[in-house]
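Got a minute to go through this structure together? Take a look, and then we'll work out what each label rests on.

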Amino acid sequence: MKREKAYIIPPAERATPDLASGKYLVMWQGPQHPGITGNMSLKLVVEGDSVVDCETHVGYLHRGFEKLMESRLWMQNFPLVCRIAVPEPDFNEYCYAAALEELAGVEVPARSVWLRTMTLEMIRLASFLMWIGGQAGAFGHGTIAQWSVTMRDYVLDLFEELSGGRIYHMYIIPGGVRADVPKDFFKHLLDTLTIIEKNLDDIELVMFHNVVFKMRAEGLGYIPKEWVDTYGITGPNARATGIPRDLRKDLGYLAYPQLDFEPITCTKSDAFGRAELRLAEMYQSINLIRQMVDKMPSGAIREKLPNPLYWKIPAGETYVSAECTRGEYGFYVVSDGSDKPRRVVVRGPSYTHAVSVMERLVRGVNIADVAGLMVSLHTYPPEVER
Amino acid sequence: MNELATELTRRYGARDWRDQRKDLSSVVVDALRIRDVLAWLKDSGGYRHLSFASAVDNIERNAFTLVYTLRNHDLGHSLMVHCDIDRSNPTVDSIHLLWGQAWTYQREMKEWFGIDFPGSPRVDEEFVLEGWQGPPMMRRDFDSRKYSDETYAERPGRVTSDPATHMKSKMYPEAVP
Amino acid sequence: MFVKKVKPAPLANEGLIPQERDLFCDAAPQEYAPANKVVEDFWNWARAQSLWILGFGTGCGAIELRPLMTSRFDMYRYGIQPRPTPRQSSVFVIGGYASVKTLKRIVRSYEQMMGPKFVVALGSCTINGGMYWDSYNTIKRIDQYIPVDVYIAGCMPRPEALLAGFQELKKIIRAGRAEGQNVYAKNFEWYKENQKKVIKDWNMPDYNW
Amino acid sequence: MEPSLLARIGYAFLSLFVITNYGLLLIGSMARISAKVQGRVGQPVYQPYLDIIKSSAKRNSIGHGVMFYLGPVFRLAGGVGTYMFIPAVFGSVMFRNFSDSGDLLLVMYFIFFGQLGMALGAGEGGHPYSALGVSRGLAQMTAFEVPFALSIIAVVIQYKTLDITAIVAAQQGGFLNWTVATNPLAVVAALIAFLGMSMHNPFSVVIAPQEIPIGPPTEYQSNLLGMLQTNRAIFNGAKLVLYMNLFFGGATNIVVMVIKTFLIYFINVFVGQAFPRLRTDQSIRFFLGVPTLIGIASVIIAAI
């Protein structure tokens with residue numbers, strides 16, 4: 001504990017600058033600011049052009065999901081959960097559905113498991129595509145954003161074809177998936193993947209071989225290996241420090257054990273390294289989806305459930321987590337045997353990255369880099385506030 | 001896992017070890033020893049990753065059940081450590097020195113449940129709410145719908161019906177008188 | 001130019017500490033009479049052709065603004081472009097539900113915009129609460145707090161729906177019916193009352209320009 | 001024969017009108033071209049006109065004191081003054097403006113006069129973002145001054161005059177007489193400085209929406225913003241015409257002027273679409289590095 005205390009500086013123990021000295025400027029970045037991800041705000045104390053201290057302020061998107069779920073039926077909650085993290089609704093759906101199935105002892109058919117895995121990988125790809133646009137845009141490279149967000153739109157078209165929904169899919173339901181894939185879906189999927197792969201090559205050429213992007217991103221927001229455990233960093237931010245920690249491999253949920261992939265790690269854990277790692281993960285997702293299309297089994301897609309209006313789930317508690325684009329996404333569900341959940345806790349990876357790690361990393365950074373640093377941590381405020 | 005259970009029981013009097021899955025177990029300890037248990041699990045037990053910390057309001061037992069979920073990435077095993085605290089006087093030791101993000105969870109619990117963590121940084125500040133004057137809203141006895149109806153103006157014309165009776169009337173009209 | 005020449009009573013700014021009160025304006029907003037028909041029509045045509053959106057993603061609706069401003073649904077074609085500061089933007093897109101904490105910023109940003117200013121509200125949650133109808137932290141209808149010109153229903157509204165909504169807004173502007181600024185100025189007390197009923201800790205000036 | 005002063009003033013207004021519209025159309029068309037790079041259709045070419053009309057048609061506006069109002073006025077004066085002392089079309093009575101009564105030094109002074117006035121006004125705005133943008137802008141300006149001034153010195157040494165009309169006259173008679181052929185290093189240095197001067201990527205951190213929204217003009221609205229937009233058009237046109245005169249042999253008629261300035265301005269968009277933006281310190285380090293050395297080399301070449 002003594003050894004690791006050095007890496008934990010609680011806000012109270014920080015050297016807080018003397019604001020009365022007139023040497024510093026208190027500046028709010030956000031919520032009304034294009035350089036902020038989502039809707040949160042940073043209270044920056046700047047000296048000259050560099051940040052001295054930072055306080056994150058979240059809660060602008062607080063809807064009280066966890067309270068609302070306690071007053072709705074198990075199945076009524078289902079349209080609610082996917083609204084928690086807007087860019088990646090499917091992880092909420094999967095975690096919630098898996099927790100319910102585990103508590104209720106429902107076995108889902110094999111094909112639905114594979115379809116779930118495919119959906120999760122597709123949304124990972126879509127979210128990463130949106131992220132890389134944000135990362136380039138935070139450094140002022142609008143062209144990349146224009147390309148990649150359009151590529152994301154093609155993935156969303158696939159989702160629309162699959163589930164009828166563009167942003168909120170509600171495809172992974174307890175007991176399986178809502179519907180089987182439509183005709184020619186896999187063909188469209190593979191074609192889209194080819195287009196996206198080609199576009200990713202262009203992006204790599206324009207963005208990652210760009211001297212200006214290197215100058216901006218290299219050395220920005222370096223995360224040492226020791227922070228990973230002390231700050232609970234997960235996902236690409238953790239893998240960028242060189243730790244091969246991927247829940248898809250560790251937990252082996254869904255169909256991932258049957259798929260052939262290795263956790264991608266990177267040695268330089270600054271903004272540039274994280275960006276490279278996420279680009280590699282995009283290629284990995286494309287590869288995984290292709291594998292799944294080949295190995296996709298046939299059969300039923302849904303398990304018969306009792307009448308959802310009277311569905312009582314036996315008392316118990318469980319914690320189901322999955323590897324989303326930002327790290328460990330988890331649902332902690334408690335049932336007291338009634339037809340409504342007793343407590344649902346959503347564990348979003350941004351909870352750590354956007355608050356503690358951000359406050360720790362942003363000190364000493366140039367103001368112009370705050371937006372880039374924030375995006376390079378890949379934070380989504382909605383899952384902090386729920 | 002069993003040797004860990006016995007070790008925890010021997011050292012800290014942990015009880016009710018339960019294996020939920022092969023990679024998820026839960027255990028209950030006393031609230032007074034929660035920080036020692038977590039510190040030991042972190043430094044000696046290999047459970048170095050704090051997934052989340054939250055609370056469940058067991059109003060029937062007049063207790064808050066705190067849950068700290070730790071993960072041992074070497075063993076690939078997660079452990080949920082529970083402890084019950086008195087609902088009328090909720091106070092727990094702060095663990096903000098064990099994990100760098102713990103103070104955020106504690107701030108959240110302080111605001112949402114009214115659980116106090118003495119010494120935790122910025123624990124008394126507002127976390128997600130602003131100008132909130134009602135009771136801690138995640139407690140079971142706080143009625144969100146009532147508060148919302150009283151506070152926020154509603155657009156006329158919205159009907160809310162009980163799903164069971166509504167679906168009955170839609171699907172089996174003859175069954176409903 | 002003004003409708004009523006008489007200067008209204010100065011606002012109290014009770015939310016502020018005394019030494020801050022004189023730093024902010026204490027005058028209530030005033031109504032502005034449109035210019036004569038021909039000039040106003042020409043101006044409305046220009047206003048409708050150049051809509052500058054305030055870059056403030058207040059809710060999940062912001063996720064669909066990004067496809068809207070990128071090359072698939074290219075909103076620049078219609079003269080719509082994002083603008084980072086409220087001083088220069090003329091359209092406020094309320095992206096879905098507004099929690100109380102955000103509503104405070106929405107009101108402030110809206111009042112800082114220069115008139116004529118238009119509000120487009122996305123999503124069912126701004127119309128009647130949507131699926132957060134019983135949440136303790138989100139308001140149910142945004143038009144109680146700021147005047148709204150166009151509602152776009154849906155959760156989420158697709159980019160096509162957004163484009164259609166913007167076309168509708170253009171129609172309204174050309175017809176000269178988008179007078180949200182004047183509506184806000186006329187019913188200023190009513191709006192303030194509603195806002196202060198929801199925003200419990202009112203620690204900002206009653207009207208920030 | 002020499003036209004009367006009144007006629008010359010009328011001509012000057014005419015030429016100002018022409019350059020304003022040309023600058024606006026230039027901005028609109030360049031926005032469209034960069035949209036093509038991004039795979040979009042892009043805004044209409046006449047969008048800048050609409051924006052200016054819209055900004056001027058705002059009903060209320062906020063002031064922050066006298067200096068705040070004077071900022072855009074200074075900026076506009078800088079733009080107009082820059083243009084007024086440059087011959088837009090060589091040898092034309094109509095478009096020679098007042099080039100014979102002012103020389104290169106006056107033009108350079110006007111180029112920076114506008115930015116300084118803008119800095120004062122934006123500082124008066126009281127918004128922290130404005131102050132940050134101003135500090136960044138002035139720092140970057142002082143940086144790209146160096147290669148620009150060096151290349152100007154090289155040109156002056158080469159042609160042994162400060163009169164722009166004389167410089168253009170010396171370049172007549174074919175491509176080989178242009179400065180770009182006789183002293184290419186000076187042109188390179190000046191063009192790199194031009195990227196910084198016209199605040200395109202990678203030197204656009206001053207008005208960057210993500211890094212700091214949006215720098216000096218944060219507080220400017222309605223008709224003041226319209227003034228700034230108009231000045232942007234005039235100033236762009238003036239700088240382009242200056243570059244054309246100094247380095248690319250000037251123009252003997254308006255068509256040549258349009259073609260040359262369009263191509264010069266296209267360099268900005270070409271670079272700006274391919275690069276992110278640099279931080280202020282990085283751009284300063286860049287300007288004081290290679291471009292300055294190129295400028296010094298050009299001066300030496302011109303001197304010997």
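**Chains, contacts and cores**

Chain C and chain B touch through 17 residues from chain C and 15 residues from chain B. Before we go on: this is a predicted model, so to speak of local features we need pLDDT of at least 70, side-chain atom pairs count only at pLDDT 80 or more, and totals for chains, interfaces and linings use all residues. Residues are numbered from 1 along each chain as its sequence is written, while chains are lettered from A and ligands numbered from 1 in the order in which they are written.

Q: What makes two residues count as a contact?
A: Their C-beta atoms, placed from the backbone, have to lie within 7 Å.

Q: Which elements give two or more residues to the side of chain C that touches chain B?
A: They are α4 (100–112), α5 (124–128) and α8 (188–198) of chain C. Helices here are DSSP runs of H or I with at least four residues, strands are runs of E with at least two, and both are numbered from the N terminus. That side of chain C divides into six nonpolar, five polar and six charged residues. Nonpolar means Ala, Val, Leu, Ile, Met, Phe, Trp, Tyr, Cys or Pro, charged means Asp, Glu, Lys or Arg, and the others, Gly among them, are polar.

Q: Why is α4(C) called largely enclosed?
A: Ten of its 13 residues are buried, so the rest of the structure largely encloses α4(C). A residue is buried if 20 or more other C-beta atoms lie within 10 Å of its own, exposed if 12 or fewer, and partly exposed in between, with C-beta atoms placed from the backbone. Among the buried ones are Val100(C), Leu103(C), Ile106(C) and Tyr110(C). The cover over the buried residues of α4(C) includes β1 (51–54), β3 (91–95) and α8 of chain C.

Q: How do you know that the span of α4(C) agrees with what is expected?
A: The expected span of a helix is 1.5 Å times one less than its number of residues. For the 13 residues of α4(C) that gives 18 Å, and the end C-alpha atoms are 19 Å apart, which agrees.

Q: Is Lys117(C) buried or exposed?
A: Lys117(C) has 25 C-beta neighbours inside 10 Å, so it counts as buried. Lys117(C) sits in the loop between α4 and β4 (118–122) of chain C. Leaving out residues up to four places away in sequence, Lys117(C) touches Ser90(C), Phe92(C), Gly180(C) and Gln181(C).

Q: Why is Ala280(A) called partly exposed?
A: Ala280(A) has 16 other C-beta atoms within 10 Å, so partly exposed is the label. You'll find Ala280(A) in helix α12 (residues 271–295) of chain A.

Q: What makes chain D as compact as a globular protein of its length?
A: Start with its make-up: chain D has twelve helices and zero strands. The radius of gyration of chain D is 19 Å, close to the 19 Å the globule rule gives for 304 residues, so chain D is as compact as a globular protein of that length. That radius is taken over C-alpha atoms, and the rule is 2.2 Å times the number of residues to the power 0.38. Buried residues make up 57% of chain D.

Q: How does chain B do against a compact globule of 177 residues?
A: Such a globule would have a radius of gyration near 16 Å, but chain B has 21 Å. Chain B comes to five helices and five strands, and its C-alpha trace spans about 65 × 40 × 30 Å along the principal axes. Buried residues make up 41% of chain B.

Q: Which chains share the most contacts among the five pairs that touch?
A: Chains A and B do. Their contact takes 42 residues from chain A and 40 residues from chain B. On the chain A side, the residues divide into 18 nonpolar, twelve polar and twelve charged. Chain B and chain D have no contact, and their closest C-alpha atoms lie 25 Å apart.

Q: What makes a set of residues a nonpolar core?
A: The set holds buried Ala, Val, Leu, Ile, Met, Phe, Trp, Tyr and Cys residues joined through C-beta atoms within 7 Å. The largest here has 254 residues, and Cys95(A), Val81(B) and Ala190(D) have the most contacts inside it. Domain 1 (2–57) and domain 2 (65–385) of chain A both give residues to this core, so it lies between them; the domain bounds come from an automatic or database domain assignment.
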